[in-house]
Amino acid sequence: MDILKKIKSSTSIDMDEFVKRLESELSISSISNTEQKKKAQEQLIYSIYDIMIIILDVTHQSKVPEGLYTTWLRMIKDYWYLNKYDNQFVTSGSSSESSSEESSNIKIKSIQAGDTTTTFADTSSQININGTTYNTGTIDFSEDILVEKYKKDLYRHRKMRW
């Protein structure tokens, strides 16, 4: 993969170990279908690259510093779940169970006892990442969410740009 070479040239972090750790933590290594596993591994590399571009853009650095190892790792995991790659690759066999599970978690906005009126909240424009719910109103919501969530960690490694 040519992208993996670009990633390795943009950091001093051992990317082979980094990818192995992510494959383990995102349950990619447990996928039994070899074709599906290969697609998931390829998507993981693209996700690593996408997050690397975001990190370099925010920090104004030419390489991702080693101090951002865990931040980079957490951002990739959030990006993976945000784009629902876990449902696409890892839990593709149990998609009918997850859809019924999602419909059972409908939030109630208001209940009126007199006329028995129940109003449900519209959660179709919300995304839940590791227990935190985000509204998805803008086009670049995934990048905005990640930058806002990890702004404190990223700004510690930011360089001034003239």
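**View 1. Pro65 is buried in this predicted model.** The relative accessible area of Pro65 is 18%. The cut-off for a buried residue is under 20%, so Pro65 falls on the buried side. Pro65 sits in the loop between H3 and H4. Leaving aside neighbours within four places in sequence, Pro65 is in contact with Ile13 and His157. Thr11 also belongs in this view: its C-alpha atom and that of Pro65 are separated by 6.5 Å. Along the chain, Pro65 and Thr11 are 54 residues apart.

**View 2. The whole chain, for orientation, has eight helices and four strands.** From the N terminus on, the order is α-α-α-α-α-α-β-β-β-β-α-α. The protein chain has 162 residues, and buried residues make up 32% of them. Its accessible surface comes to about 10400 Å². Carbon and sulfur atoms hold 46% of that surface. Consider the contacts with a separation of 6 or more: 65% of them join residues 24 or more positions apart.

**View 3. The largest nonpolar core has 33 residues.** Which residues have the most contacts inside this core? They are Phe18, Leu44, Ile48, Ile51 and Trp72. Five helices give two or more residues each: H2 (15–25), H3 (34–59), H4 (69–82), H5 (85–90) and H7 (141–149). H3 gives the most, with 10 residues. In soluble globular proteins, nonpolar side chains tend to be buried together.

**View 4. Trp72 is one of the core residues with the most contacts.** What does Trp72 touch, not counting residues up to four places away in sequence? The list starts with Ile7, Thr11, Ile13, Met15 and Phe18. It goes on with Ile48, Ile51, Met52, Ile55 and Val64. Two of these partners, Ile13 and Thr11, also appear in the view of Pro65: Pro65 is in contact with Ile13, and the C-alpha atoms of Pro65 and Thr11 are separated by 6.5 Å.

**View 5. H2 and H3 cross at roughly 120°.** Their axes come within 11 Å. That angle makes H2 oblique to H3. The crossing is right-handed. From H2, the residues that meet H3 are Met15, Phe18, Val19, Leu22 and Glu23. From H3, Gln41, Leu44, Ile45 and Ile48 meet them. Phe18, Leu44 and Ile48 are also among the residues with the most contacts inside the core.

**View 6. H2 also packs with H4, crossing at roughly 40°.** The axes of H2 and H4 come within 11 Å. The two helices are therefore oblique to each other. H2 passes H4 in a right-handed crossing. On the H2 side, the contact is made by Met15, Phe18, Arg21, Leu22 and Glu25. On the H4 side, Tyr69, Trp72, Leu73, Ile76, Lys77 and Tyr81 take part.

**View 7. Helix H1 (residues 2–9) packs with H3 at an angle of about 40°.** Their axes are 10 Å apart. Is this crossing left-handed or right-handed? The crossing of H1 and H3 is left-handed. H1 makes the contact through Ile3, Leu4, Lys6 and Ile7. H3 brings Ile45, Tyr46, Ile48, Tyr49 and Met52. Ile7, Ile48 and Met52 are also among the residues that Trp72 touches.

**View 8. Thr71 and Leu82 are two buried residues of H4.** Thr71 has a relative accessible area of 4%. Thr71 touches Tyr150, Asp153 and Leu154, not counting residues up to four places away in sequence. Leu82 has a relative accessible area of 4%. The C-alpha atoms of Leu82 and Leu146 are separated by 9.6 Å. Along the chain, Leu82 and Leu146 are 64 residues apart.

**View 9. Ser27 and His60 each have a positive phi of about 60°.** Ser27 is not a glycine, and His60 is not a glycine either. Where is Ser27 found? Ser27 is in the loop between H2 and H3. Ser27 is partly exposed, with a relative accessible area of 29%. His60 lies in the loop between H3 and H4. Pro65 is also found in the loop between H3 and H4.

Key:
Residues numbered from 1 in each chain as written. Predicted model: local features only at pLDDT ≥ 70, side-chain atom pairs only at ≥ 80, totals over all residues. Heavy atoms only, no water. Buried < 20%, exposed > 50% of the residue type's maximum accessible area, 1.4 Å probe, protein only. Contact = heavy atoms within 4.5 Å. Areas by Shrake-Rupley, 256 points an atom, 1.4 Å probe, with all protein chains shown as cover. Core = buried A, V, L, I, M, F, W, Y, C linked by side-chain atoms within 4.5 Å. Axes fitted to C-alpha atoms, helices over the stretch in contact; angles between N-to-C directions. Parallel < 35°, antiparallel > 145°, perpendicular 65-115°, else oblique. Left-handed = near helix turned anticlockwise from the far one by under 90°.
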